[in-house]
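Here is a quick walk through one protein chain, for anyone who would like a feel for the fold before heading to the bench. Have the viewer open and follow along.

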Amino acid sequence: MALTAMPTVQYEELIQADRVHGRLYYDPAIFHEELEKIWHRHWVYVGHESEVPQPADYVTRQLGLQPVILVRDKEGAIQLLLNRCMHRGNLVCESGCGNVQEFRCIYHGWTYSTTGALLGAPYSAAYGPSFRKEEYGLTKVPRVESYRGFIFASLSPTGVSLDEHLGYAKGLIDQFVEMSPEGEVELCAGTQKQRYHGNWKMQVENAVDNYHTTFIHQTANDIMRVRIGVDLSQTTSEQSPALSRYLGGGHALFDFRPLQRQMGKILSLSNQAKGDGATEAWKAYVEAMEQRYGRERAQEILQDGPPHGYIFPNLIFIQLQVRRIQPVSANESYVYYQPSFLKGVPAEMNTARLREHEWFFGPAGFGSPDDVDIFERQQLALQARANEWLILRRGLHRERVEEGGIQTSHIADEGHVRGIWQHYRQLMLQP
Ligand code: FES
Ligand SMILES: [Fe+2]
């Protein structure tokens with residue numbers, strides 16, 4: 001039987017100014033092209049330095065579908081190695097995290113150091129006198145760089161630098177880590193893994209969709225109104241001065257500051273760890289912040305609160321949480337939620353952050369489980385093919401470009417999502 005070639009995907013047609021086509025979420029051919037043009041080529045977030053704090057600590061990850069080991073070698077340097085034995089292509093490391101003397105492939109016992117060097121191959125005389133161990137170390141991912149503890153990697157040896165890729169999104173990371181008086185966060189509180197039967201881009205769009213919050217998260221909103229006196233539907237209302245911004249490079253953020261100033265309150269739950277503002281822990285935190293940043297800047301950081309935004313293609317910051325997207329197939333994805341701890345703060349502050357994470361994002365929380373359910377419903381609904389378009393036109397008539405070329409609009413508009421799609425289109429149109 002002859003194989004029929006898949007028709008070439010016309011991304012110019014599937015991604016338009018005000019709508020995107022359903023095929024982008026379910027077509028396996030598009031998913032495979034995404035792997036090649038985004039996940040296996042572009043900068044991708046891999047993990048945080050605090051996840052491998054000690055020499056010989058490691059975690060296993062994937063870049064797209066390619067398995068990698070993020071390891072701190074015995075000299076303390078970060079290494080990112082392909083998790084593929086040089087002998088017959090087995091995983092050399094199977095568990096998700098740990099501390100090792102060496103990596104030993106269970107198939108025939110080849111062993112590798114924490115830098116990936118081949119240490120030994122059993123009965124190696126059979127490979128003959130020309131066999132050189134130096135030639136069979138684990139393959140290193142060609143480009144690995146960190147920004148303020150966040151490690152990104154690219155499987156392509158060439159391309160834009162991480163600095164260029166992040167661009168304005170560096171500000172998102174700055175805002176996140178500067179909540180700490182040491183300017184550092186730690187992702188050591190554990191990881192929550194969510195699997196869903198839906199496309200990875202659904203999590204992207206949802207993370208920067210303010211429109212849904214009043215509806216899907218109604219129960220959570222009711223609780224917040226009672227607990228901290230903040231009505232989240234205020235953010236979405238037409239009168240809300242809160243903004244959405246497209247930062248270029250596929251990155252986007254929500255800017256709650258204008259609304260917070262108007263309300264005289266911060267929307268972040270994580271800052272509510274202060275209780276009535278008079279706890280000893282909160283006072284010690286403010287003092288440490290003022291010592292580090294100066295009084296004025298410290299007050300500004302506390303007033304602004306942590307960020308809410310997205311760094312293309314797989315890193316999300318939602319207040320105190322770091323979220324990492326892992327595609328599996330066109331119809332399946334994982335999302336990893338990691339609540340962050342601030343370095344240099346009283347332990348009660350971090351405990352409070354963890355509790356705040358749990359109540360909204362936890363497996364039995366009032367927020368995130370509902371979003372994941374939505375992704376699965378959406379993936380099912382996309383099987384209806386009579387009209388395949390998804391509308392993307394909120395605020396199209398009123399978005400504006402600010403200084404520096406940043407596209408800005410009302411927070412519940414979709415200018416920033418259109419920006420993400422245009423960036424995606426540009427990458428997918430590459431040869
Ligand atoms: S496949 Fe790893 S030792 Fe053979
Ligand atoms: Fe949500």
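Let's start at one pair of residues: Pro327 sits opposite Ser333 in β19. Keep in mind that this is a predicted model.

That pair belongs to a bigger piece of sheet. Strand β18 (residues 321–329) runs antiparallel to β19, and 8 bridges pair the two. Between β18 and β19 there are 2 residues, and the two strands make a hairpin. β19 (residues 332–339) also pairs with strand β13 (residues 192–196), again in the antiparallel sense, through 5 bridges. If you want a spot to click on there, Lys193 has Tyr336 in β19 as its bridge partner.

Now zoom out. The protein chain has 15 helices and 23 strands. Its radius of gyration is 23 Å, and the globule rule gives 22 Å for 431 residues, so the chain is as compact as a globular protein of that length. Along the principal axes, the C-alpha atoms fill a box of roughly 75 × 60 × 40 Å. Of the 431 residues, 39% count as buried. Looking at contacts between residues at least 6 apart in sequence, 62% join residues at least 24 apart.

How is the chain divided? It splits into domain 1 (44–154) and domain 2 (168–428). Their centres, taken over C-alpha atoms, are separated by 33 Å. Where the two meet, 10 residues of domain 1 are in contact with 15 residues of domain 2. On the domain 1 side, strand β2 (residues 44–48) gives the most, with 3 residues. That side is a mix of 4 nonpolar, 4 polar and 2 charged residues.

Next, the inside. In soluble globular proteins, nonpolar side chains tend to be buried together. Here the largest nonpolar core has 96 residues, and Val46 and Leu70 touch the most other members. This core takes at least three residues from each of domain 1 and domain 2. Setting aside neighbours within four places in sequence, Val46 is in contact with Arg61, Leu63, Leu70, Leu80, Ile151, Phe152 and Ala153.

Another valine worth a look is Val20, in strand β1 (residues 19–21). Is Val20 buried or exposed? It has 22 other C-beta atoms within 10 Å, so Val20 counts as buried. Beyond four places in sequence, Val20 has contacts with Leu14, Ile15, Leu390, Leu392 and Trp421. Leu392 is 372 residues away along the chain, yet the C-alpha atoms of Val20 and Leu392 are 7.1 Å apart.

Finally, some backbone oddities. Phe312 and Pro313 are joined by a cis peptide bond, with omega about 0 degrees. Pro313 lies in the loop between β16 (308–311) and β17 (315–318). Two other loop residues have a positive phi without being glycine:

| Residue | Phi | Loop | Burial |
|---|---|---|---|
| Ala56 | about 75 degrees | between β2 and β3 (57–63) | partly exposed, 17 other C-beta atoms within 10 Å |
| Tyr123 | near 50 degrees | between β9 (118–120) and β10 (143–147) | exposed, 8 C-beta neighbours inside 10 Å |

Ala56 is partly exposed because its 17 other C-beta atoms within 10 Å fall between the cut-offs of 12 and 20. Tyr123, with 8 such neighbours, counts as exposed.

Key
Residues are numbered from 1 along each chain as its sequence is written. Chains are lettered from A and ligands numbered from 1 in the order in which they are written. This is a predicted model: local features need pLDDT of at least 70, side-chain atom pairs count only at pLDDT 80 or more; totals for chains, interfaces and linings use all residues. A nonpolar core is a set of buried Ala, Val, Leu, Ile, Met, Phe, Trp, Tyr and Cys residues joined through C-beta atoms within 7 Å. Domain bounds come from an automatic or database domain assignment. Two residues are in contact if their C-beta atoms, placed from the backbone, lie within 7 Å. Helices (H or I, at least four residues) and strands (E, at least two) are DSSP runs, numbered from the N terminus. The radius of gyration is taken over C-alpha atoms; the globule rule is 2.2 Å times the number of residues to the power 0.38. Two strands pair if DSSP finds at least two bridges between them. Ala, Val, Leu, Ile, Met, Phe, Trp, Tyr, Cys and Pro count as nonpolar, Asp, Glu, Lys and Arg as charged, and the others, Gly among them, as polar.
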